[in-house]
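Grab a pencil and work through these exercises with the structure open beside you. Try each task before you read its solution.

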Amino acid sequence: MKKMVAILLVLALVCTGIFAQGSSESKSGSVKIGALIRNLNEQFVKDYADNLRKLAAEKGVELNLQDAQGDVARQLDQLNTLITQGYKYFVIIPQDTSATEQMAQQIKAAGGGASFSNIQPSVEALKVGKDFYLASSPELVAGQYQAQIIDEYFTKYPAKAPNKVLNILYLQGQLGHPAQISREAGLIDTLKSLGYTVNFIARDTADWSPDKAQEKMDTWLAAHRGKFNLVVAQNDGMALGAVESLITNGLVDNDPSDGTILTFPVIGIDATADALNSMDQNKLYATVLQDSVGQSSTAFELAYAMATKGTAYGMTAWGIAPAKEVISEAPANDAAVIAQCYLVPFKPVTKANYKDLM
Amino acid sequence: METKKLLSDGKRIASQYTTWVTFVGLLLLLSILTKGNALKWNSIRNLLIAESVRSFAALGVGMIIITKGIDLSIGYVVCLTASVAASFAQNPDYSSAIYAGQSFPLFVPIVAAVAAGGLFGLFNGYLIAYGKLPPFIATLGSMSIAKGLQLIYTKAAVVGSLNQNFKNISQGSVGPVPNLIIYVIIAAFIVWVFLRHTRQGTHFYAIGGNSQAARVSGINVERDLMMVYFYAGLLYGIAGTLLASRLGLANSLTANGMELDAIAAVTVGGVSQSGGVGTVSGMMIGVFTMGLINYGMSFLGVDSYYQQLVKGFIIIVAVYFDMKKYARRN
């Protein structure tokens, strides 16, 4: 009996403390927006969520932000929970594209709408109703910008890639992640169209993680030293892991005239603060800005308009007008839903402009 | 003998009682904090649906822990079986389908997934029972094998665009009661009958309590051990099917970490890590206690970082008392 009481006491103490902390945040009578966020452990997603919280505070919106912790099932459960609580309008970073149609249908059944960011919703999800929006940057474009940066580098230093042959060490994000698939496709297609021969000397996932990337690079450098001329990573975390590995393995020429003191250029995506810092030290060569503020502000403004005016169709959000012409990446490849797509631009970040972001 | 049996019955009831009290206490706490809002039928329905797939994993690993084993491969085996099920249920006109252009009758994805789960169970069981590998290591290995097979089979892509008939398996309902809840009740009942009223079921308790004594009393320990992993594998196969049907997709992240959720749930539900002790009702209460904690925190908008913290504490507290209770017995 004593034990039971003890267990209960501990549970009650822990739970009341934390439940109370949660419930104290809610107010009544204000505009309610639900945010379903796929995984707060990632820097980009965290920056996105922080900006949402800031915007909600500015507008006095009651924001209920849920972290799916990388689990589609949990995200669906969280959506159910919020709908039960009367939330109708949502900002969503989906955990998976394939689940977005189901989510949109549930929200529609509750009489609401949603704006999707970062991970693309399916065309079918946007077709559920006109108050379902894409507020995101097409991932293909990030890969295309990487390819352009690579092209500029090797056009300037053709001797580093004789006959336009690129021998790449390529660090992928989590396998099956839409960004992993599209960033890779964008990179390869653009490089080929620019006339390069693309060889992957090694290509493997490091799950977006800097330390896994460093480990992988250490192994590759032991196996493939002298056989590659370029390192590309699908995010900055992994790119910085690669930079560390190159430095500890002595692949440094200490000549910053080409923009990096490393023997080979390393290119990432995201433009995190760490990455910009590394560029400032002439280590990381370049990156691509994935605009967390732009994406979250656009998505939030759409959700806010829906919650206050009933619809956001046709409006300009965060200075971005709905897209008019289809692009090659879903869901903005379908003319029927193109007016529901808000394309937030990626931006290449090189020596020329990185200081603007610091 | 008779008094011993009575004693162990007493302990079993006591341990179950603790978990019930915890569950009801949490329920009360949550209803007070949300002024009754969290306990409306819609909310309860959400909770039951959310925990349904985990229930299958918990029933499987619950049986394994009763035999003093452990299974770390659950998450990736469920991921693999979900992918197998999904691959046979894709719309034939979906160009990225694994078997593009082909459609299969509804039983194919179910049978294929359950067979895949069963095979993994036999593999684990064989390594542990006849190969004498420690369960922790054997299932650690098969976890990685399952993950690898899943990536190879799906080429790391999402297996999506599933047909509506397949999705209805999990997404449908009988009147106001979702199908998933009905499946859980049926599965729990079958496992309960099996553990309580069949010879092999009672053997599991004997093996977990003292495998040497079980052997001396004529139990084929190896065969029974192998079978417990096999049965668990079948349950993981069903879990994978239901999960794919519920989500309308499977990918390499599906069910990741489910082993920890399931092990934590049955431990909270009074299934002892020392083996030989545990009930189906305890396992189910454990699942729904953990579910209630998740659900309650999500309902109240608690920061996910704190959610992890609370779950961690609860698991530690549960195991601490479990160890204290059974330390005396040994």
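**Exercise 1.** Find out what kind of secondary structure fills residues 17–34 of chain B, then do the same for residues 46–66 of chain B.

*Solution.* Keep in mind that you're looking at a predicted model.
- Step 1: Residues 17–34 of chain B come out as 94% helix and 0% strand, with 26 Å between the end C-alpha atoms.
- Step 2: Residues 46–66 of chain B are 100% helix and 0% strand, and their end C-alpha atoms are 30 Å apart.
- Step 3: Now check the record: an unreviewed UniProt entry lists both spans among the pieces of chain B it labels "transmembrane region".

**Exercise 2.** Work out how much area chain B and chain A bury between them, and how many residues each gives to the contact.

*Solution.*
- Step 1: Count residues: 46 come from chain B and 44 from chain A.
- Step 2: Look at the area: the two chains bury about 4100 Å², with 65% of it on carbon and sulfur atoms.

**Exercise 3.** Which side chains meet in a salt bridge, and which helix gives the largest share of chain B's side?

*Solution.*
- Step 1: The rule finds one salt bridge across this interface. Its partners are A:Asp77 and B:Arg246, at 2.6 Å from N to O. That fits the 4 Å cut-off.
- Step 2: Eight residue pairs are in polar contact between the chains.
- Step 3: Helices 1, 2, 10, 12 and 13 of chain B each give two or more residues to the side touching chain A. Helix 13 has the largest share, with ten residues.
- Step 4: Sort that side of chain B by type, and you get 25 nonpolar, 17 polar and four charged residues.

Notes:
Residues are numbered from 1 along each chain as its sequence is written. Chains are lettered from A and ligands numbered from 1 in the order in which they are written. This is a predicted model: local features need pLDDT of at least 70, side-chain atom pairs count only at pLDDT 80 or more; totals for chains, interfaces and linings use all residues. Side-chain values use heavy atoms; hydrogens and water are left out. UniProt positions are given in the numbering used here, feature names are shortened, and annotations may be inferred rather than shown by experiment. Helices (H or I, at least four residues) and strands (E, at least two) are DSSP runs, numbered from the N terminus. Contact means heavy atoms within 4.5 Å. Buried area is the accessible area (1.4 Å probe) that two parts lose on being put together, summed over both. A polar contact is a pair of N or O atoms within 3.5 Å; within protein, one must be able to donate a hydrogen and the other to accept it, and residues adjacent in sequence count only if both atoms are side-chain atoms. Ala, Val, Leu, Ile, Met, Phe, Trp, Tyr, Cys and Pro count as nonpolar, Asp, Glu, Lys and Arg as charged, and the others, Gly among them, as polar.
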